[in-house]
Amino acid sequence: MNIVLWVIAGLLAAAFLGAGVMKLSQSKEKLAASGMAWTEDFSAGAVKAIGAAELLGAIGLILPALLDIAPVLVPLAATGLALTMLGAVVVHVRRGETQAVAPSAVLFVLSVIVAWGRFGPYAF
């Protein structure tokens, strides 16, 4: 199970690293034009803050355990990302973006699994 949690954490880290860098490096208008219509409901600063949270969460899923420095940060990062994805699901449902709900929901479930495993029976 430890290997499964590492694999899930690695996949989550890659997904959130990409998403965070994209939100931080592109303008709100460019993100909206590329299919992220939800950005129209948020300020540019809020979109950048979401990107920063995703980037930091991605780092927090891997580095603390890899370096064995404060590994309790791994389940905390997973919990933070789960809350972020729960918010994403709510936003997409409110906007009627049914196709965007599934990826956010999958990332939510995977984040919850990592948080559960690393807080609970498979803690570092």
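**Exercise 1: Ala-123**

Leaving aside its neighbours within four places in sequence, find the residues in contact with Ala-123.

*Solution.*
Step 1. Start with the ground rules. The model is predicted: local features need pLDDT of at least 70, side-chain atom pairs count only at pLDDT 80 or more, and totals for chains, interfaces and linings use all residues. Residues are numbered from 1 along each chain as its sequence is written, and side-chain values use heavy atoms, with hydrogens and water left out.
Step 2. Place the residue: Ala-123 lies in the segment after H5. Helices are DSSP runs (H or I, at least four residues), numbered from the N terminus.
Step 3. Apply the contact rule (heavy atoms within 4.5 Å): Ala-123 touches Gly-117 and Arg-118.
Step 4. Add its exposure. Buried means under 20% relative accessible area, exposed over 50%, and partly exposed in between, with a 1.4 Å probe and protein chains only. Ala-123 counts as partly exposed because its relative accessibility is 45%.
Step 5. Look across the sequence: the C-alpha atoms of Ala-123 and Val-72 are 8.1 Å apart, with their positions 51 residues apart in sequence.

**Exercise 2: two residues in the loop between H3 and H4**

Which phi values do Asp-68 and Ala-70 have, and is each residue buried, partly exposed or exposed?

*Solution.*
Step 1. Asp-68 sits in the loop between H3 and H4, and so does Ala-70.
Step 2. Phi is positive for Asp-68, at about 55°, although this residue is not a glycine. Ala-70, not a glycine either, has a positive phi of about 55°.
Step 3. Asp-68 counts as exposed because its relative accessibility is 61%. With 39%, Ala-70 counts as partly exposed.
Step 4. Asp-68 also has a distant partner in sequence: Phe-124 is 56 residues away along the chain, and the two C-alpha atoms are separated by 8.7 Å.

**Exercise 3: H1 with H5**

Describe how H1 and H5 pack, and which residues make the contact.

*Solution.*
Step 1. Take the geometry: H1 (residues 2–25) and H5 (residues 98–119) pack at about 135°, and their axes are 10 Å apart. Axes are lines fitted to C-alpha atoms over the stretch in contact, and angles run from 0 to 180 degrees between N-to-C directions.
Step 2. Classify it. Angles under 35 degrees count as roughly parallel, over 145 as roughly antiparallel, 65 to 115 as roughly perpendicular, and the rest as oblique. H1 and H5 are therefore oblique.
Step 3. Their crossing is left-handed, a term for a near helix turned anticlockwise from the far one by less than a right angle.
Step 4. H1 contributes Asn-2, Leu-5, Trp-6, Ile-8, Ala-9, Leu-12, Ala-15 and Phe-16, while H5 contributes Leu-107, Leu-110, Ser-111, Ile-113, Val-114, Gly-117 and Arg-118.
Step 5. Sorted by class, this contact has eleven nonpolar, three polar and one charged residue. Here Ala, Val, Leu, Ile, Met, Phe, Trp, Tyr, Cys and Pro count as nonpolar, Asp, Glu, Lys and Arg as charged, and the others, Gly among them, as polar.

**Exercise 4: H3 with H4**

Now treat H3 and H4 in the same spirit: what are their angle and axis distance?

*Solution.*
Step 1. The angle is about 155°, and the axes of H3 and H4 are 8 Å apart.
Step 2. H3 and H4 are therefore roughly antiparallel, and H3 passes H4 in a left-handed crossing.
Step 3. On the H3 side are Ala-53, Glu-54, Gly-57, Ala-58, Gly-60, Leu-61, Pro-64 and Ala-65; they meet Leu-73, Val-74, Ala-77, Ala-78, Leu-81, Thr-84 and Met-85 of H4.
Step 4. The classes here are eleven nonpolar, three polar and one charged.

**Exercise 5: the buried residues of H1**

Which residues of H1 are buried, and against which helices do they pack?

*Solution.*
Step 1. The buried set is Leu-5, Ile-8, Ala-9, Leu-12, Ala-13, Phe-16, Ala-19, Gly-20 and Lys-23.
Step 2. These buried residues pack against H2 (28–33), H3, H4 and H5.
Step 3. Zoom in on Lys-23: it counts as buried because its relative accessibility is 5%.
Step 4. Beyond its neighbours within four places in sequence, Lys-23 is in contact with Leu-31, Met-36, Trp-38, Val-47, Lys-48, Ile-50, Gly-51 and Glu-54.

Definitions and conventions
Helix = DSSP H or I, 4+ residues; strand = E, 2+ residues; numbered from the N terminus.
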